[in-house]
Amino acid sequence: MDSNQIEDAEFEELDPEPEAEPEPDKPSGSAYPTQVVLTIRTIVGGYLVYLAYQIITSGNEISTWMWAAVILFIVAGAALVVMSVKHFICGEYEGGKKDENH
């Protein structure tokens, strides 16, 4: 057998199939986050508030930049916790009472 014939053979390229486009009337997925994502957001927000508390209660002198970080941590952490808990209570998560796709 001659191996050159096999190596020199060209393969016919098939036309790629057109990708199916989603229908505009149907949403591609839920617009709400999952319960796991909301839980992680709550934990991260609580940790940010805890870090701010640790900085405030440390015995070291706190500079202006550190106060800016403390304020940012408190605002961001509190916002994450409040919004995540609100979403939990209102059922605004995948499979929740406000999710129309469940």
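This report walks through a helix pair, a salt bridge and an aromatic pair in a predicted model.

## About the model

Residues are numbered from 1 along each chain as its sequence is written, and side-chain values use heavy atoms, with hydrogens and water left out. Because the model is predicted, local features need pLDDT of at least 70 and side-chain atom pairs count only at pLDDT 80 or more, while totals for chains, interfaces and linings use all residues.

## Two helices side by side

Let's start with helix H2 (residues 35–57) and helix H3 (residues 64–90), which pack at an angle of about 150 degrees with their axes 8 Å apart. That makes H2 roughly antiparallel to H3 (a term for angles over 145 degrees). Where the two touch, the contact has 18 nonpolar, eight polar and one charged residues.

## One salt bridge

The structure holds one salt bridge, meaning a side-chain nitrogen of Lys or Arg within 4 Å of a carboxyl oxygen of Asp or Glu. Here the partners are Lys86 and Glu92, at 3.1 Å from N to O.

Glu92 is buried at 11% relative accessible area, whereas Lys86 is partly exposed at 34%. Buried means under 20%, exposed over 50%, and partly exposed in between, using a 1.4 Å probe and protein chains only.

## Aromatic company

There are two aromatic pairs in the structure. One of them joins Phe88 and Tyr93, tilted, with 6.0 Å centre to centre and 55 degrees between the planes. Rings of Phe, Tyr and Trp (its six-membered ring) pair if their centres lie within 6.5 Å; planes under 30 degrees apart count as stacked, over 60 as edge-to-face and the rest as tilted.

Of these partners, Tyr93 is buried, with a relative accessible area of 16%, and Phe88 is partly exposed at 29%.

Definitions and conventions
Axes fitted to C-alpha atoms, helices over the stretch in contact; angles between N-to-C directions. Helix = DSSP H or I, 4+ residues; strand = E, 2+ residues; numbered from the N terminus. Parallel < 35°, antiparallel > 145°, perpendicular 65-115°, else oblique. Nonpolar A, V, L, I, M, F, W, Y, C, P; charged D, E, K, R; others polar.
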